[in-house]
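This report describes the structure shown below, moving from one local environment to the overall fold and then to annotated sites and packing.

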Amino acid sequence: MSYLYLKAFHIFFVVSWFAGLFYLPRLYVNLALAKQDAEYQRLLLMARKLYRFMTPLAALALATGLGLWLGFGIGGGWLHAKLTLVLLLVGYHGCCGKLYRDFAAKTNRRSHAWFRVFNELPVLVLLAVVILVVVKPF
C-alpha cells in the first residue's frame, strides 16, 4: 500500500476513533444524571454499542500508524511525544471501558460534573497531537 493511502486510512480511523472518544464520556454524563431505569438502560445500551464500535477503530488507527512509522521510516523527537500521547489515549480508551462496566454493574460513584471534565481530556490530547504532527517542533 502506498504511503498516501496508508496515511489517508490512518487519518480516517483516527477521526472515527476520536468521534467515539468524544461522545462516549458524554453518554456517561447522561448516565450519571439518569433518574429512571428505562432511560438508564437505554443510555447503557448506547454506551455499550459505541464502545464495541470504537474499539476496532482504535485498533485500526494504531495498526495504520504503526505501518506509517515502521514501513516508511517516519521519525523524530516529535514522534516520541506523539507516541506518548497515543499511549495515554489507549489508557483513556481502556478507562472508558472500565467506566462502562461500573455503570453496567451500577457501581459508579462519580458525579456528572466529574464526567464533564473527563470528557474534555481527549480534546486537549488531540490538539497536542495535531500540533506535534503538523508543526514538528522538535
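Which residues does Asp102 touch, not counting residues up to four places away in sequence? Asp102 touches Thr107 and Asn108 under that condition.

## Setting of Asp102

The model discussed here is predicted. Asp102 has its place in helix 3, an element that covers residues 77–104. With a relative accessibility of 16%, Asp102 counts as buried, because the cut-off for that class is under 20%.

## Overall fold

The protein chain has five helices and zero strands, and its elements run α-α-α-α-α from the N terminus on. Helix 1 spans residues 3–33, helix 2 residues 37–72 and helix 3 residues 77–104; helix 4 (112–118) and helix 5 (121–135) are among the elements that contribute to the largest nonpolar core.

Taken along the principal axes, the C-alpha atoms of the protein chain fill a box of roughly 55 × 30 × 15 Å. Of the 138 residues in the protein chain, 36% are buried. Among contacts with a separation of 6 or more, 79% are accounted for by residues 24 or more positions apart.

## Annotated transmembrane regions

An unreviewed UniProt entry places the feature "transmembrane region" at residues 6–29, 50–72, 78–96 and 117–135. In the model, the span of residues 6–29 is 100% helix and 0% strand, and its end C-alpha atoms lie 35 Å apart. For residues 117–135, the corresponding end C-alpha atoms lie 27 Å apart, and the span is 89% helix and 0% strand.

## Annotated binding site

The unreviewed UniProt entry also places the feature "binding site" at His10 and Lys82. Although these positions are spread over 73 residues of sequence, they cluster in space, with a largest C-alpha distance of 14.3 Å. His10 and Lys82 both belong to the lining of the largest pocket.

His10 is located in helix 1 and Lys82 in helix 3. His10 has a relative accessible area of 12% and is therefore buried, the cut-off being under 20%. Lys82, at 16% relative accessibility, likewise counts as buried. Leaving aside neighbours up to four places away in sequence, His10 touches Ala61, Thr64, Gly65, Leu68 and Lys82. On the same basis, the contacts of Lys82 are His10, Val129, Leu132 and Val133.

## Thr64 beside the annotated histidine

Thr64 is found in helix 2 and is buried, with a relative accessible area of 9%. Its contacts, with residues up to four places away in sequence not counted, are Leu6, Phe9, His10 and Phe13. The side chain of Thr64 also reaches the backbone oxygen of Ala61 at 3.1 Å. Ala61 is itself one of the residues that His10 touches.

## Nonpolar core

The largest nonpolar core has 34 residues, of which Trp17, Leu24, Tyr28 and Leu31 touch the most other members. Helix 1, helix 2, helix 3, helix 4 and helix 5 each give two or more residues to this core. Helix 2 supplies the largest share, ten residues.

What does Leu31 touch, not counting residues up to four places away in sequence? The contacts of Leu31 are Tyr40, Leu43, Leu44, Ala47 and Phe103.

## Aromatic packing

The structure holds twelve aromatic pairs. A pair of aromatic rings is described by the distance of the centres and the angle of the planes. For Phe103 and Phe115, the values are 5.4 Å centre to centre and 40° between the planes, and the pair is tilted. This pair links distant parts of the chain, with Phe103 in helix 3 and Phe115 in helix 4, twelve residues apart. Both Phe103 and Phe115 are buried.

One aromatic cluster is formed by Tyr28, Tyr40, Tyr92, Phe103, Trp114, Phe115 and Phe118. Two of its members, Tyr40 and Phe103, are among the contacts of Leu31, while Tyr28 is one of the core residues that touch the most other members.

Methods: Residues are numbered from 1 along each chain as its sequence is written. This is a predicted model: local features need pLDDT of at least 70, side-chain atom pairs count only at pLDDT 80 or more; totals for chains, interfaces and linings use all residues. Side-chain values use heavy atoms; hydrogens and water are left out. Helices (H or I, at least four residues) and strands (E, at least two) are DSSP runs, numbered from the N terminus. Buried means under 20% relative accessible area, exposed over 50%, partly exposed in between (1.4 Å probe, protein chains only). A polar contact is a pair of N or O atoms within 3.5 Å; within protein, one must be able to donate a hydrogen and the other to accept it, and residues adjacent in sequence count only if both atoms are side-chain atoms. Contact means heavy atoms within 4.5 Å. UniProt positions are given in the numbering used here, feature names are shortened, and annotations may be inferred rather than shown by experiment. On a 1 Å grid over the protein atoms alone, a cavity is a set of points where a 1.4 Å probe fits but cannot get out, and a pocket is an open set with protein on both sides within 12 Å along at least five of seven lines; lining residues have an atom within 4 Å of a point. A nonpolar core is a set of buried Ala, Val, Leu, Ile, Met, Phe, Trp, Tyr and Cys residues joined through side-chain atoms within 4.5 Å. Rings of Phe, Tyr and Trp (its six-membered ring) pair if their centres lie within 6.5 Å; planes under 30 degrees apart count as stacked, over 60 as edge-to-face and the rest as tilted.
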